[in-house]
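Q: Could you take me through one part of this protein slowly, as if I'm new to reading structures? I'd like to see how one piece sits among its surroundings.

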Amino acid sequence: MNSQDRTREPRARLRFTKMHGLGNDFVVFDGINQTVALTPERCRCIADRHFGVGCDQILVVEKPSRRDVDFRYRIFNADGGEVEQCGNGARCFVRFVHEHGLTDKTAIRVETASGVIEPRLLDDGRVTVDMGAPRFAPAEVPFVAESEALTYPLKVGQHILDIAVVSMGNPHAVLRVNDLDSAPVDILGAAIESHGRFPQRVNAGFMQVLTPHDIRLRVFERGAGETLACGTGACAAAVSGIRQGALASPVSVHTRGGDLVIEWAGAGAPVLMTGPAETVFEGELELT
């Protein structure tokens, strides 16, 4: 053993669980029974699909900071940025805490950066999440606009896009398209995500309406790129379609990763999202 080996600091070893909701995949850490210290660089290393575990987001389960909730839920995107909300992650969250013996409740209250959500584990293994009421005021998204409207014109390059804007605890722009397969999701999604009218960037959803109760959806997520599914994006798309009279609750949202069911009774009511959550494998990793 040389002097460098003797002075090298031991690396932190963390237990993790790999999970997914409709292919939107996560590395989940129990931050209650182990110390989880994440930096943007560490998040990027974990999320790297070649040199790390690989995921769209990293989820951390923590003790609550208030008495009226069961857990605190933190979300980090693949680029290392912490974000407010993740619907597919919320479903995985309740499966995780239940399967790891952190609670025996099938319905829990969870503290997030954007407020409290209430996921519930169903008998068939699916999870329903009360995502709270959507917000449409531009300042609450946030989005730069003089007043609230059902849709807004957004100049992207040489194009004027007609978008709906909604916050599901995180910001979403929803663009209706005629053919989802040919939609330039990568190009337009990246341009919308970083558009100057969204001060905190935005998740860009591309929605094709099939029937009043069925849509297809692709989402270019803020800090992650296009994912196989986006729970809050499904909520935002369904809500915007219902507001515009193109859809009626319940709405089946067909993503590349699978299907979600979104229910919304209208202004002021919470959005209910139902779908699967799956555990893939468990392991340990070293963090430098």
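A: **A close look at helix H5**

Let's start with the burial: 12 of the 13 residues of H5 are buried, so this helix is largely enclosed by the rest of the structure. "Buried" here means under 20% relative accessible area, while exposed is over 50% and partly exposed is in between (1.4 Å probe, protein chains only). Helices (H or I, at least four residues) and strands (E, at least two) are DSSP runs, numbered from the N terminus.

A quick word on the model: it is predicted, so local features need pLDDT of at least 70 and side-chain atom pairs count only at pLDDT 80 or more, while totals for chains, interfaces and linings use all residues. Residues are numbered from 1 along each chain as its sequence is written, and side-chain values use heavy atoms, with hydrogens and water left out.

Back to H5, which covers residues 231-243. Its buried residues include Gly231, Ala234, Cys235, Val239 and Ile242. How does its length work out? At 1.5 Å a residue, its 13 residues should span 18 Å, and the end C-alpha atoms are 18 Å apart, which agrees. The expected span is 1.5 Å times one less than the number of residues. Just after H5, Gly245 takes a positive phi of about 85°.

Now for the packing. The largest nonpolar core has 52 residues, and Tyr73, Phe93, Ile262 and Val271 have the most contacts inside it. H5 gives the most to this core, with seven residues. A nonpolar core is a set of buried Ala, Val, Leu, Ile, Met, Phe, Trp, Tyr and Cys residues joined through side-chain atoms within 4.5 Å. There's also a second, separate core of 21 residues, which includes Phe143, Tyr152, Val177 and Phe198.

Step back along the chain from H5 and you reach Glu221, in strand S13 (residues 214-221). Among the residues that Glu221 touches are Asn24, Ala229 and Cys230; contact means heavy atoms within 4.5 Å. Glu221 is buried yet has no salt bridge, and the nearest side chain of opposite charge, Arg222, is 7.8 Å away. For that, Lys and Arg count as positive and Asp and Glu as negative, with His and the chain ends not counted; a salt bridge is a side-chain nitrogen of Lys or Arg within 4 Å of a carboxyl oxygen of Asp or Glu.

What the Glu221 side chain does have is a polar contact with the side chain of Thr227 (2.6 Å), and another with that of Gln57 (3.2 Å). A polar contact is a pair of N or O atoms within 3.5 Å; within protein, one must be able to donate a hydrogen and the other to accept it, and residues adjacent in sequence count only if both atoms are side-chain atoms.

Conventions. Lists of a residue's contacts leave out its neighbours within four places in sequence.
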